[in-house]
Structures are given as C-alpha cells and as structure tokens.
Amino acid sequence: MSHVMRQAVQELQENGFATLTSIFSISEIAAILSTVEAADTTSVNFRRSQDVFAIRNLLGEIPALREQLLTPTMRQLLAALFPDATPHLTKAIYFDKPAGSNWLVAWHQDVMIAVNRRLNLPGYGPWTTKQGEVAVLPPRQILESIITVRLHLDDCDASNGALKVVPGSHRHGVIANNDLLAHTSRRVTCPVLAGGAMLMQPLTLHASNRSTSARPRRVIHLEFSTAELPVELEWRERAKV
Ligand SMILES: O=C(O)CCC(=O)C(=O)O
C-alpha cells in the first residue's frame, strides 16, 4: 500500500473524508467517459435535465464500466480501505452537474440504503418505496461500514460544485434534520482534479453549490461495504468486486 493511500485512509477515519490525486490516468478517464457517452439513455435509470444528468444503478446499466473502474490502482485503494476482507459494491451512480447548473444539494447525510425488499426487521426503518424501489434506514453500524469513493472525471472546485463537508460529522450517527445546520459552521470545500477521488463516509455531512462555471462536473459515485445484511435482505445493486 502506498504511503499516500495509507495517509488518506487515516484521514478518512479521523475526519470522515479525504482526497486523493491521480487514482486514474487521463486516458483511463477518457475511456470511461466514452463508455458513458456511448450508452443507450432510454432506461428509467437515466435522468437528464438542464441541471443534472444522473445514471442510477450504473454498473447494471453499463456493465462495461466494471472493468474500467476496477483498475489495479482502484483495487489497491480498496485493499487499503478494507484491509480485513474484500468489500462488495453496494451502489454506483454517475452524476454530471453541467456548466451553469442550478442543481444545489442541501446539507445531508446519506442514510438510506437501496435494498431488494421490505422486511420487518429490528433496527431497520423507516422504509421508503419510490418507483417500486425500496430503501431503508439501517442500523448505524451498517452505515459506518460503508465507504464512498467519488471518482472525479473533471477538474472540480468551488465554482463547479465541489463537495462541501463537515469534518468529524461522521461520528455523530444520524443527525436529526432540525439539527443539521447547527453542525455546518466548520465546513470545508473539497476541490479534486480529474482522475482524483474523494473518499467519504456516508454519515459525513455534505452539500454542494450551484455551478457558476463553464465546465462540467462529472463524478462516478461508488459505495462499498463488507457488511452483510440480515437473511433475505440484500443490497439491491450488490456486485462482486
Ligand atoms: O454530487 C453532489 O454534488 C452531491 C451528491 C450527493 O449529495 C450524494 O451523493 O449524496
């Protein structure tokens, strides 16, 4: 494991986020972008408006991305993040916040996980179903087991929607909606260059501004975990790494 990765893992544990440069080369990024651009966009998992272009269930929609994303460097990073067991992928989304986008993301934590079905289980709930897809608030230790890797496909700074985060907020468990803003005074902005990655715990409070830039902000958001859900419940997008 490289020294830089080891340091990023330590920062992630302490602060709930960390950034890494040059996880992907410029040619690897170009290849990923051309795979995304060649995809058939008619599925309901593709959402395109003036302000956002999102592809949910990314690896289900574009299976060719799997090999392009799980490069030797990415696998090295996953080994550094999960030293005790190989994780599974639990979610993958592509987001573009296009030039001049008005898409503003309010302060939140990522607390719902996408699962295959509703079940009456202690510690799980509330449940939601949107367009037939079930999500649930799981126990805190499940949320704490997840690590998000946001791979940046464009240079990203405050002008084109770099993520803002609150260091250490991942240690507070699920914060009540009414208390979220009280936690945000110590926020920092996380610029990342194309080919770099932002690592984040889902419980880290985060938000992003509208874009005032002429540049796009394309990101692939990948979530990984080694946790197993109770019998009969499964991550809806679970995929082997
Ligand atoms: O990419 C962004 O600006 C925000 C996305 C986000 O908040 C999320 O993935 O939970």
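1. Leaving aside its neighbours within four places in sequence, which residues is His221 in contact with? In this predicted model, the list consists of Lys91, Ala92, Ile93, Phe95, Asp110, Thr148, Val149 and Arg150. His221 itself sits in strand E14.

2. His221 has a relative accessibility of 5%, and therefore counts as buried, the cut-off being under 20%. Its side chain also has a polar partner: the side chain of Glu223, at 2.8 Å.

3. Strand E14 belongs to an open sheet of 7 strands, ordered E1-E12-E9-E14-E4-E3-E2 and paired antiparallel. At the edges are E1 and E2 (46-48), each of which pairs on one side only. With direction ignored, neighbouring strands of this sheet are turned by 15 degrees against each other on average.

4. At the E1 edge, E1 and E12 run antiparallel and are joined by 4 bridges. One residue pair to look at here is Leu20 with Ala197 of E12, which are bridge partners. Strands of a sheet pair through backbone hydrogen bonds, in either a parallel or an antiparallel way.

5. Helix H5 (72-81) lies across E1, E9, E12 and E14 (217-225). The direction of H5 is at about 155 degrees to that of E9.

6. Helix H1 covers residues 3-15, and its length can be checked: 13 residues at 1.5 Å a residue should span 18 Å, and the end C-alpha atoms are 18 Å apart, so the two agree. After H1 comes Gly16, with a positive phi near 85 degrees.

7. Which residues of H1 are buried? They are Met5, Ala8, Val9 and Leu12. These residues lie on the same side of H1, because the arc they cover around the axis is only 100 degrees. Their cover includes E1 (17-20), H5, E9 (147-152) and E12 (197-200). E1, E9 and E12 are also among the strands that H5 lies across.

8. Trp103 is in the loop between E4 (88-97) and E5 (105-108). Is this residue buried or partly exposed? Its relative accessibility is 21%, so Trp103 counts as partly exposed; buried would require under 20%.

9. Beyond its neighbours within four places in sequence, Trp103 is in contact with Asp51, Val52, Phe95, Lys97, Asn209, Arg210 and Arg217. Phe95 also appears among the contacts of His221. The C-alpha atom of Trp103 is 7.6 Å from that of Ser211, although 108 residues separate the two along the chain.

Notes
Residues numbered from 1 in each chain as written. Predicted model: local features only at pLDDT ≥ 70, side-chain atom pairs only at ≥ 80, totals over all residues. Heavy atoms only, no water. Helix = DSSP H or I, 4+ residues; strand = E, 2+ residues; numbered from the N terminus. Expected span 1.5 Å × (residues − 1). Buried < 20%, exposed > 50% of the residue type's maximum accessible area, 1.4 Å probe, protein only. Arc of directions from axis to C-beta. Contact = heavy atoms within 4.5 Å. Pairing = 2+ DSSP bridges. Axes fitted to C-alpha atoms, helices over the stretch in contact; angles between N-to-C directions. Polar contact = N/O pair within 3.5 Å; in protein donor to acceptor, adjacent residues only side chain to side chain.
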